[in-house]
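Please read the following structure together with its sequence. A dialogue between a learner and a teacher accompanies it.

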Amino acid sequence: MTTTITPAEPLTRKDFASPTAIRWCPGCGDYSILTTMQGILPTLGIPKENFVFVSGIGCSSRFPYYMNTYGFHTIHGRAPAVSTGVKLTNPDLQVWVITGDGDALSIGGNHFIHALRRNMDVKIILFNNRIYGLTKGQYSPTSGVGTVSPSTPYGSVDLPLSPISMALGAEAGFVARTSDNDIKHMGEVFAAAAAYKGAALVEVLQNCVIFADKIHEPYYGRNERKDNMVYMKHGEPLRYGKELERGLVLDKMTMTPKVNPAEGETLVHDEKESSGALAFLLSRLSHPEYPVPVGVFRNVERPSYITAMRHQIDTAQAKNPPSLDKLFNSGSTWTVE
Amino acid sequence: MSTDVTNIPINPNEKSHIDVDSVTIRFAGDSGDGMQITGTQFTDAAAVFGNDLATMPDFPAEIRAPAGTVAGVSAYQIHFSSEDIKTPGDDLNVLVAMNAAALKANIGDLEEGGILLIDEAGFTDKDIEKAEMKSNPLEDGSLNGYRVIKANITELTMNAVKETGLKGKSAELCKNFFTLGIMYWLYDRPLNHTLKWLDEKYGPKTKYKDKPEIAASNKQALNAGYNFADTVELFTSHYRVKKAALPKGKYRKISGNEATVFGLLTASQKSGRKIFYGSYPITPASDILHGLSKHKNFGVITFQAEDEIAAIASAIGSAYAGGLGVTATSGPGICLKLEAMGLGVMTELPLIIVDVQRGGPSTGLPTKTEQSDLLMVMFGRSGDSPLPVLAARSPSDCFTMAVEAARIALKYMTPVVLLTDGYIANGAEPWLIPDHAAIPEMKTNLASTGESFQAYARDPVTNARKWAIPGTPGLEHRIGGLEKAQNTGAVAYDPENHQAMTNQRHAKIAGIANDIPLAEVMGVKDGDALVVSWGGTFGTVSTAVEECNKAGMKLGHVHLQYLNPLPKNLGELLNNAERVIVPELNMGQLRMLLGGTFGIKIQGINQVRGKPFKVSYLASELHRILETQK
């Protein structure tokens with residue numbers, strides 16, 4: 001007897017669009033991130049039922065509702081912890097965490113750090129719009145000093161942090177940045193994060209059209225981008241400018257943006273640099289003193305928590321198959337006749 | 001006294017024997033003196049001999065509080081008997097005090113005329129000063145009411161182990177086994193159980209194989225203590241506690257935390273769902289983490305999370321992905337988990353939350369017991385957020401109730417709280433090993449590919465929704481903390497739906513009352529009062545009620561293991577009772593719950609001293625209350 005197996009139709013973007021009406025503000029940067037994600041997933045060769053999107057609280061965290069996959073909209077800041085339980089229970093799933101600058105770096109800072117530290121195999125996409133959107137415009141941990149918001153009418157006096165530096169400090173093996181207005185680049189970065197074996201952090205520079213409109217415009221605007229962002233590519237010099245006439249030059253510990261650097265003077269990007277020092281140095285570059293780096297900061301192999309955990313369990317099971325009888329009768333026993 | 005007594009032959013038959021029904025001993029010393037090991041060894045010997053028993057360790061929150069101070073005192077109490085017993089005992093028949101601080105902290109519990117065994121080496125001027133005592137109790141006559149047995153146990157031990165080569169502090173550390181030897185003589189117990197244990201722990205097949213002097217010296221100290229008691233006539237006679245008439249079968253000793261571990265592993269085997277245990281270390285719940293971590297052969301995933309919130313959040317993630325999600329903690333940890341428990345209620349996922357209660361509020365009394373988290377786990381969440389609450393009544397009952405918590409969680413798709421407490425978690429008792437084949441398989445509500453699936457469609461009987469596990473083709477769906485539309489589970493804010501969903505969540509939990517045992521009245525039915533207790537006080541309250549009834553009172557007793565929902569017949573029992581008395585180790589939480597639920601007046605017996613009730617205290621309170629107006 002022969003069985004004919006009809007090969008499943010290849011998945012398309014449409015398969016990943018959920019019927020739920022999208023409720024982000026018109027013009028929100030989240031739309032392009034959603035579209036990019038829906039476009040990338042069919043290319044990964046993973047069955048649709050094996051994708052899980054886990055989110056916390058905030059505008060970005062509504063994302064799972066708009067994906068026609070398994071999804072879990074959890075509580076504020078805890079998505080990395082929830083996703084850890086999902087992934088450890090079923091390592092066959094590809095688990096994405098969707099979060100924002102408030103969700104990941106403020107209330108959820110602890111879980112963000114530890115998911116990366118453990119190299120838990122989840123992909124964290126952090127939408128950074130440098131403001132609290134869903135609670136109506138308060139400053140966030142990535143807002144600049146002086147940000148005027150409902151909670152800081154005289155300007156924020158809080159010093160911000162860099163999500164990239166934070167992730168590197170937490171020992172993350174894959175750290176990248178992209179922007180909501182460059183779909184092609186975003187797609188490449190998402191695909192690289194998906195391919196990485198372990199915890200991946202992708203910061204997406206995302207525009208909140210209501211409370212922090214054009215916050216990233218001075219560097220990622222169409223006309224500003226070339227002179228104010230540097231596209232990092234592994235093994236290539238860190239050149240930027242309209243004619244790629246500028247380069248980043250490293251002298252001891254100091255990075256200098258130079259026009260027309262000498263041949264061989266420009267620093268060559270190395271995402272595999274093992275100490276993470278280069279990635280950290282690059283993560284410190286900010287507008288307007290420096291071009292803002294986008295692309296992959298770091299992409300190095302780290303031991304896998306899941307592999308090590310599975311090994312312990314498999315070894316224990318091979319040596320000593322589960323038996324309630326043995327368990328109950330372990331230790332000192334005695335019989336009452 | 002520094003005679004070398006190690007080589008004097010054992011001849012226990014020369015002294016007379018006195019038979020007693022039951023004995024309560026407390027070993028007390030500095031936290032570095034090995035009192036927990038001494039107590040455990042004595043307990044194992046009593047268990048193997050066939051006594052019924054109950055134990056209660058009592059140790060400081062500090063790992064090594066300054067030596068010799070009252071804060072550093074560690075104690076282990078065992079009640080063993082030829083009869084059925086349910087408590088670790090009230091007043092002590094014997095107190096072993098290894099130093100002045102141990103005496104000061106524990107002498108108040110020794111019965112009048114009780115035996116007090118003292119290591120004189122722990123009563124120097126410095127020890128008296130560290131214990132903040134005004135004078136030396138060995139000299140000031142304050143111990144005249146007791147049978148004081150003094151010996152320089154430290155020095156005797158040092159001499160006894162000399163030939164093994166062990167010296168100084170290491171030699172001195174063997175004094176707990178010397179003391180144990182004395183106690184074995186007093187209660188006519190063979191040494192072989194402990195000798196064997198020392199070989200297993202420190203013998204040639206262990207990591208101590210290069211230090212044979214450790215096993216040798218401890219064995220030597222044990223023998224020497226026994227011979228010392230025999231030779232120098234510390235006591236005029238042995239005491240004998242005969243075997244208890246326990247139900248036939250095979251037994252082992254089990255603590256509450258061990259029993260919880262066994263229950264969870266059993267639930268995993270019976271449901272076919274792997275345990276995911278997300279946990280953050282906390283006293284007195286950490287032993288559950290340690291216990292489960294040893295049993296990876298059951299496919300258990302133990303995850304030591306970065307905090308209490310991640311511990312429960314990861315367990316919820318596992319439950320979403322098809323695992324048997326479990327987290328355990330104590331009160332301060334529950335405070336941190338409450339928001340996530342609400343997420344569990346809203347997403348209707350099976351989850352077990354074990355709360356090993358301790359004294360509060362805040363950090364409170366980490367190593368001391370209390371029952372004061374009841375109302376927090378009942379109501380401590382935003383919104384109307386009902387979930388089942390169970391409470392184990394004894395160390396071995398933690399097994400039964402952990403299995404039951406899993407059954408309810410899986411059948412009804414809900415988080416379930418299991419309350420235990422520091423007293424039953426660390427206390428131990430004999431456990432009649434159950435026939436695991438007789439424990440029923442557990443049903444799960446898995447949805448499968450091809451069925452018409454709606455995330456919040458409910459089973460008409462249980463009201464449970466289906467469990468659609470990621471990885472199942474065709475059942476892709478989204479859940480979350482926002483209010484759900486009936487059936488579809490889509491996000492919904494409209495008023496009718498919220499009312500309907502709130503009603504459904506309540507009906508689901510309330511309906512579990514049809515699936516749990518009815519409350520049973522022990523003691524005198526239709527008597528002068530109904531005593532209602534819950535959780536870990538079962539042993540003390542039931543013993544007190546029995547004693548009161550023997551003394552001519554007419555008391556009924558209902559003990560609750562199900563706090564939400566309550567047994568279906570409880571309202572009727574309470575309404576028909578002449579009066580209702582609720583003893584509990586808090587300021588009146590069950591009293592408030594029952595009073596509010598059934599609109600009845602209740603009298604409370606409330607104590608928060610970090611310790612279980614004493615039977616004598618309960619009995620006197622019951623007498624007092626019955627003499628007062630309702």
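The dialogue below treats the interface of chains A and B and then the fold of chain B.

A: This is a predicted model, in which local features need pLDDT of at least 70, side-chain atom pairs count only at pLDDT 80 or more, and totals for chains, interfaces and linings use all residues. Residues are numbered from 1 along each chain as its sequence is written, while chains are lettered from A and ligands numbered from 1 in the order in which they are written.

Q: How many residues of chain A are in contact with chain B?

A: Two residues are in contact if their C-beta atoms, placed from the backbone, lie within 7 Å. Here 51 residues of chain A contact 58 residues of chain B. H2(A) gives the largest share of the side of chain A that touches chain B, eight residues; helices (H or I, at least four residues) and strands (E, at least two) are DSSP runs, numbered from the N terminus.

Q: In which sense do E2(A) and strand E17 of chain B pair?

A: Two strands pair if DSSP finds at least two bridges between them. E2(A) and E17 (residues 478–480) of chain B do so in the parallel sense, over three bridges. Within E17(B), B:Arg478 is the bridge partner of A:Gly71.

Q: What is the radius of gyration of chain B?

A: The radius is taken over C-alpha atoms, and the globule rule is 2.2 Å times the number of residues to the power 0.38. Chain B has 27 Å, which agrees with the value near 25 Å for a compact globule because the chain has 630 residues. Its C-alpha trace spans about 85 × 65 × 45 Å along the principal axes.
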